[in-house]
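Biologist: Got a minute to walk me through this fold? I'd like the quick tour before I head back to the bench.

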Amino acid sequence: MATTKIHRTFGTPTNLDKWTYSGWIKRQSTGVRQYFFEGTSGASNFTSIVFDTTDRLEFSNYNSGYLGRVWNTALYRDPGAWYHIVAVWDSDNATPADRIKLYVNGVQETSHHALTNP
């Protein structure tokens, strides 16, 4: 089931500046890049939420360069555990630290390996 994907083409968006992703994720394995959310528009424009090859969680918005990116220091190495992931994108927020946020199991992740505020 590692290659199974759900695909949806949406109509014209009403607001790309504020949105939230929420979902339950169970890892299949560790040490491999695992995308569980990705939206693309062209070859060099994407938004993704992914476990990277070092088992960190990354949420990024890329448009020929990172518009916003948060990459946690926490490691997620339990393939038997369910993780509730919430990603918040609010590029209009007056507070830079509140423009891109990640929550895991109800706790905001604030220890970052890399952070680029939108």
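Biologist: Charges to begin with. How far apart are the mean positions of the positive and negative charges?

Modeller: They are 4 Å apart, with 11 positive and 10 negative charges in the protein. Keep in mind that this is a predicted model.

Biologist: Okay, and the surface in general. How much area does the protein expose?

Modeller: About 7300 Å², and carbon and sulfur atoms supply 52% of it. On the inside, 33% of the 118 residues count as buried.

Biologist: Now the fold. How many helices and how many strands?

Modeller: Zero helices and nine strands. The globule rule gives 13 Å for 118 residues and the radius of gyration here is 14 Å, so the protein is as compact as a globular protein of that length. If you want outer dimensions, the C-alpha trace spans about 35 × 30 × 25 Å along its principal axes.

Biologist: What share of the contacts links residues that sit 24 or more positions apart?

Modeller: 45%, taken over the contacts with a separation of 6 or more.

Biologist: Let's do sheets. Which strands make up the open one, and in what order?

Modeller: Four of them, in the order β1-β6-β7-β8, with antiparallel pairing. The edges are β1 (18-26) and β8 (107-108); each has a single partner strand, so one side of each is left without a neighbour in the sheet.

Biologist: And how many bridges are there between β7 and β8?

Modeller: Two, with β7 covering residues 100-104 and the pair running antiparallel. Y103 has Q108 in β8 as its bridge partner.

Biologist: Remind me what holds strands like that together in a sheet, in general?

Modeller: Backbone hydrogen bonds do the pairing, in either a parallel or an antiparallel arrangement.

Biologist: Moving on to β2 and β3. How many bridges join them?

Modeller: Six, and the two strands run antiparallel. They form a hairpin with four residues between them, and G42 in that turn has a positive phi of about 90°. One facing pair there is G39 with T47 of β3.

Biologist: Then where does β3 go next, and over how many bridges does it pair with β4?

Modeller: Seven bridges, antiparallel again. One opposing pair is S48 with S60 of β4. This hairpin has five residues between its strands, and D55 takes a positive phi near 70° there.

Biologist: Hm, D55 isn't a glycine. Is D55 buried or exposed?

Modeller: D55 is buried, with a relative accessible area of 5%. That is under the 20% cut-off for calling a residue buried.

Biologist: What about the next hairpin, β4 and β5? Which residue there takes a positive phi?

Modeller: That's S64, near 60°, in a hairpin with two residues between the strands. S64 isn't a glycine either. S64 is exposed, though, with a relative accessible area of 58%.

Biologist: And how many bridges join β4 to β5?

Modeller: Five, with β4 at residues 57-63 and the strands antiparallel. F59 has V70 in β5 as its bridge partner.

Biologist: How well covered is β5?

Modeller: Mostly covered: β5 spans residues 66-72, and five of its seven residues are buried. Strand β3 is mostly covered too, with five of its seven residues buried.

Biologist: Which residues make up β9, the strand that β5 also pairs with?

Modeller: Residues 112-116, pairing with β5 in the antiparallel sense over four bridges. W71 has A114 in β9 as its bridge partner.

Biologist: Different topic: S91. Where is it?

Modeller: S91 is in the loop between β6 (82-90) and β7. At 22% relative accessibility, S91 counts as partly exposed.

Biologist: Which residues does S91 touch?

Modeller: Leaving out residues up to four places away in sequence, S91 touches D17, R99 and P118. S91 and L16 are 75 residues apart along the chain, and their C-alpha atoms are separated by 8.7 Å.

Biologist: Last one: how far apart in space are Q28 and Y103?

Modeller: 20 Å, C-alpha to C-alpha, with their positions 75 residues apart in sequence. Q28 is in the loop between β1 and β2 (34-40), and Q28 is partly exposed, with a relative accessible area of 48%.

How values were computed
Residues are numbered from 1 along each chain as its sequence is written. This is a predicted model: local features need pLDDT of at least 70, side-chain atom pairs count only at pLDDT 80 or more; totals for chains, interfaces and linings use all residues. Side-chain values use heavy atoms; hydrogens and water are left out. The radius of gyration is taken over C-alpha atoms; the globule rule is 2.2 Å times the number of residues to the power 0.38. Buried means under 20% relative accessible area, exposed over 50%, partly exposed in between (1.4 Å probe, protein chains only). Contact means heavy atoms within 4.5 Å. Accessible areas come from the Shrake-Rupley method with a 1.4 Å probe; for residues, only the protein chains shown count as cover. Lys and Arg count as positive and Asp and Glu as negative; His and the chain ends are not counted. The place of a charge is taken as NZ of Lys, CZ of Arg, CG of Asp or CD of Glu. Two strands pair if DSSP finds at least two bridges between them.
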